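The following exercises are to be worked with the sequence and the coordinates at hand. Each task is followed by a solution in steps.

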Amino acid sequence: MENRCEPIVSVVLPSYNSARYIANAIESVINQTYPFWELIVINEFDSSDDTAKIVGKYMASDGRIRLYQNDKKLGLAESLNRGIHLARGRYIARMDADDSSYVDRFKKQVCYLDRHQDIAVCGTWQKHYGKREWIHTPPEDAEKCMSILLFDCNLCHSTVMMRKDVLESNNLFYKKDSVVEDFELWSRVIEYGKIANVPEVLGKYFESDDNITFSKMEQINKESAEIVKNSLKHYLGVTVNNEELPFLMEYKYPLAELSGIKRLYKKRVLKRLIHKIYLANIEKNMFGDNIMKHVLHYLWIRETTGEIGFNSEIEDYKHFSDIF
């Protein structure tokens with residue numbers, strides 16, 4: 001029988017000048033219908049507002065809440081790693097200070113992970129609100145989810161729950177100084193365990209004008225492309241050249257605004273890349289043929305129109321030409 005004095009879920013929540021939002025995040029943890037959790041708040045070194053004071057008030061009334069103050073600037077990735085090392089639970093739940101979780105999130109993810117022992121990382125659907133409102137609905141199916149993750153960070157980071165033993169035994173920690181620390185981690189996780197999602201809205205993400213600056217967007221595009229390039233080489237043996245590399249960027253679509261001869265030429269380059277990936281997957285047999293056609297079809301759509309549709313229903317792709 002499990003010792004219920006020990007937490008099953010360890011929530012890792014990094015904070016930096018988060019006084020405006022963090023009470024809402026903490027309340028959403030306290031209100032969970034699943035009670036066997038601990039909340040680990042990692043407050044950044046130069047955080048100068050009342051974040052620590054607010055967390056301290058909650059600590060005084062709930063012993064499951066713990067605050068750690070960084071004694072030097074660690075950055076987001078290293079703060080997350082510190083939280084993982086401090087965690088006592090078998091599952092690591094991610095949250096950010098300006099986000100919140102629906103009351104049944106932990107219960108449903110714990111049940112999902114308990115039932116699916118081959119799943120290493122379990123996310124959920126997420127409601128975005130603030131600057132705009134929409135629902136992010138990554139797929140439940142592990143094969144589809146993981147095939148999309150070869151090309152796009154299609155996972156709601158602040159909803160994920162991860163197996164701590166899989167992370168630690170395979171040295172799967174966040175990469176220091178990465179601007180897409182979640183995507184970079186998922187690109188390595190898929191070698192050691194499956195990634196899937198509970199197909200329900202169980203988290204809320206606040207969108208503001210300062211979520212992603214222009215300069216950070218450029219960094220994200222550059223690093224995302226390198227991650228995809230490395231994954232294609234590692235998992236499928238596909239070499240991406242410098243001419244093809246721009247098609248792997250997450251938020252920059254080289255064909256969307258081109259016309260005439262330049263557009264025709266770039267489309268041929270993209271078709272050549274997609275063909276290489278398709279043939280490599282047949283040889284390696286990493287993903288099912290129809291799922292890979294689906295993902296490559298939406299890579300084509302994304303890069304030619306700017307429309308992102310990875311999570312749409314999988315069609316019946318009878319021929320390779322159906323991708324285009």
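**Exercise 1.** In which helix does K293 lie? Determine also whether K293 is buried or exposed, and list its contacts beyond the local sequence.

*Solution.* The model is a predicted one.
Step 1: K293 belongs to helix α10, which covers residues 289-305.
Step 2: The relative accessibility of K293 is 4%. Buried means under 20%, so K293 counts as buried.
Step 3: With neighbours within four places in sequence left aside, K293 is in contact with Y278, Y317, K318, H319, F320 and I323.
Step 4: For a distance across the fold, take L245, which is 48 residues from K293 along the chain; the two C-alpha atoms are separated by 20 Å.

**Exercise 2.** Describe the overall build of the protein: its secondary structure, its dimensions and its contacts.

*Solution.*
Step 1: The secondary structure consists of 10 helices and 9 strands.
Step 2: The radius of gyration is 21 Å, and the globule rule gives 20 Å for 324 residues; the two values are close, so the protein is as compact as a globular protein of that length.
Step 3: Along the principal axes, the C-alpha atoms fill a box of roughly 65 × 45 × 35 Å.
Step 4: Of the 324 residues, 51% count as buried. The exposed area is about 15100 Å², of which carbon and sulfur atoms supply 51%.
Step 5: Among contacts with a separation of 6 or more, 77% join residues 24 or more positions apart.
Step 6: There are 44 positive and 48 negative charges, and their mean positions are 2 Å apart.

**Exercise 3.** How many disulfides does the structure hold? Examine C111 and C145 in support of the result.

*Solution.*
Step 1: The structure holds 0 disulfides.
Step 2: C111 is in no disulfide, and the nearest cysteine sulfur, that of C122, is 11 Å away.
Step 3: For C145, the closest cysteine sulfur is also in C122, at 9.6 Å, which is too far for a bond. The cut-off for a disulfide is a sulfur pair within 2.5 Å.
Step 4: The surroundings of each cysteine can then be stated. C111 counts as partly exposed, at 38% relative accessibility, whereas C145 counts as buried, at 0%.

**Exercise 4.** Characterise the loop between α6 and α7 through N171 and D177, and then the helix that follows in the numbering.

*Solution.*
Step 1: N171 is found in the loop between α6 (164-169) and α7 (181-189), and D177 is found in the loop between α6 and α7 as well.
Step 2: Most residues other than glycine have a negative phi. N171, however, has a positive phi of about 55°, and phi of D177 is near 70°.
Step 3: N171 counts as exposed at 55% relative accessibility, and D177 counts as exposed at 69%.
Step 4: In α7, 8 of the 9 residues are buried, so this helix is largely enclosed by the rest of the structure. Among the buried residues are F183, L185, W186 and V189, together with the acidic E181, D182 and E184.

**Exercise 5.** Where is the place of Y253, and which residues does Y253 touch?

*Solution.*
Step 1: Y253 is in the loop between α8 (214-236) and α9 (260-284).
Step 2: Not counting residues up to four places away in sequence, Y253 touches R302, E303, G306 and I308.
Step 3: By contrast, E200, 53 residues away in sequence, is 30 Å from Y253, C-alpha to C-alpha.

Notes: Residues numbered from 1 in each chain as written. Predicted model: local features only at pLDDT ≥ 70, side-chain atom pairs only at ≥ 80, totals over all residues. Heavy atoms only, no water. Helix = DSSP H or I, 4+ residues; strand = E, 2+ residues; numbered from the N terminus. Rg over C-alpha atoms; globule rule 2.2 N^0.38 Å. Buried < 20%, exposed > 50% of the residue type's maximum accessible area, 1.4 Å probe, protein only. Contact = heavy atoms within 4.5 Å. Areas by Shrake-Rupley, 256 points an atom, 1.4 Å probe, with all protein chains shown as cover. Lys, Arg positive; Asp, Glu negative; His and termini not counted. Charge placed at Lys NZ, Arg CZ, Asp CG, Glu CD.
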